[in-house]
Amino acid sequence: MLLDGERVLACPTLAAQAQGRAVTTIDGVAAVARVNEGRASNDAEIREYKSGNLCRCAAYPNIVAGVRQAEPRMRRA
């Protein structure tokens with residue numbers, strides 16, 4: 001993960017440490033690409049692109065919800 005362009009370990013980084021900073025994650029980059037390709041329009045497509053990643057914090061439902069929330073906003077931009 002990048003915080004203000006600097007590489008940091010994602011799992012031990014507290015959300016409070018990221019407050020007010022630019023956060024870039026590989027999941028975020030992948031989600032943007034999938035939305036731009038038109039391949040994140042439903043939960044099944046979002047889960048498919050996440051299928052090869054191991055998430056130790058069980059955030060999958062929140063990731064799917066986040067992509068679903070961002071997708072229409074990205075389309076309007």
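This is a dialogue on reading the features of a predicted model.

Visitor: Where should a reading start, and which pattern does the protein chain follow along the sequence?

Guide: Start with the inventory of elements. The protein chain has 4 helices and 3 strands, and along the sequence they follow the pattern β-β-α-β-α-α-α. The C-alpha atoms fill a box of roughly 30 × 30 × 15 Å along the principal axes. Of the 77 residues, 21% count as buried.

Visitor: In what order do the strands form the sheet?

Guide: The order is β2-β1-β3, in an open sheet with antiparallel pairing. β2 (6-7) and β3 (23-24) stand at the edges with a single partner strand each, so one side of each lacks a neighbour in the sheet.

Visitor: Over how many bridges do β1 and β3 pair?

Guide: Strand β1, residues 2-3, pairs with β3 over 2 bridges in the antiparallel sense. At the residue level, Leu3 has Val23 in β3 as its bridge partner.

Visitor: What is notable about the phi of Asp4?

Guide: Asp4 has a positive phi of about 50°, although Asp4 is not a glycine. This residue lies in the loop between β1 and β2. Its relative accessibility is 48%, so Asp4 counts as partly exposed; the exposed class begins over 50%.

Visitor: Next, the core. Which residues make up the largest nonpolar core?

Guide: The general idea is that in soluble globular proteins, nonpolar side chains tend to be buried together. Here the largest nonpolar core has 9 residues: Ala31, Val35, Ala40, Ile46, Tyr49, Ala59, Ile63, Val64 and Val67. The elements that give two or more residues to this core are α2 (26-36), α3 (43-50) and α4 (60-76). The largest share, 3 residues, comes from α4.

Visitor: Taking one core residue, what is Val35 in contact with, leaving aside neighbours within four places in sequence?

Guide: Val35 is in contact with Ala40, Val67, Glu71, Met74 and Arg75. Of these partners, Ala40 and Val67 also belong to the largest nonpolar core.

Visitor: Is Glu71 buried or exposed?

Guide: Glu71 is buried, because its relative accessible area is 14% and the cut-off for buried is under 20%. Glu71 sits in helix α4. Not counting residues up to four places away in sequence, Glu71 touches Val35 and Ala40.

Visitor: How should I read the packing of two helices, and at what angle do α2 and α4 pack?

Guide: Two packed helices are described by the angle between their axes and the distance between the axes. For α2 and α4, the angle is about 50° and the axes are 10 Å apart. That makes α2 oblique to α4. The crossing is right-handed. On the α2 side, Asp27, Ala31, Val32, Val35 and Asn36 take part, and they meet Ile63, Val67, Glu71, Met74 and Arg75 in α4.

Visitor: At what angle do α2 and α3 pack?

Guide: That angle is about 135°, with the axes 11 Å apart. Only angles over 145 degrees count as roughly antiparallel, and α2 and α3 are therefore oblique to each other. This crossing is right-handed. The residues that meet are Asp27, Ala30, Ala31 and Arg34 in α2 with Glu45, Tyr49 and Lys50 in α3.

Visitor: And which residues of α3 meet α4?

Guide: From α3 they are Asp43, Ile46, Arg47, Tyr49 and Lys50; their counterparts in α4 are Tyr60, Ile63, Val64, Val67 and Arg68. The two helices pack at about 125°, with axes 10 Å apart. α3 and α4 are therefore oblique to each other, and α3 passes α4 in a right-handed crossing.

Visitor: Finally, links between parts of the chain that are distant in sequence. How far apart are Ser41 and Arg68 in space?

Guide: Their C-alpha atoms are 7.3 Å apart, while the two residues are 27 apart in sequence. Ser41 lies in the loop between α2 and α3. With 40% relative accessibility, Ser41 counts as partly exposed. For the protein chain as a whole, among contacts between residues at least 6 apart in sequence, 31% join residues at least 24 apart.

Note on methods: Residues are numbered from 1 along each chain as its sequence is written. This is a predicted model: local features need pLDDT of at least 70, side-chain atom pairs count only at pLDDT 80 or more; totals for chains, interfaces and linings use all residues. Side-chain values use heavy atoms; hydrogens and water are left out. Two strands pair if DSSP finds at least two bridges between them. A nonpolar core is a set of buried Ala, Val, Leu, Ile, Met, Phe, Trp, Tyr and Cys residues joined through side-chain atoms within 4.5 Å. Buried means under 20% relative accessible area, exposed over 50%, partly exposed in between (1.4 Å probe, protein chains only). Contact means heavy atoms within 4.5 Å. Axes are lines fitted to C-alpha atoms, for helices over the stretch in contact, and angles run from 0 to 180 degrees between N-to-C directions. Angles under 35 degrees count as roughly parallel, over 145 as roughly antiparallel, 65 to 115 as roughly perpendicular and the rest as oblique. A crossing is left-handed if the near helix is turned anticlockwise from the far one by less than a right angle, and right-handed if clockwise.
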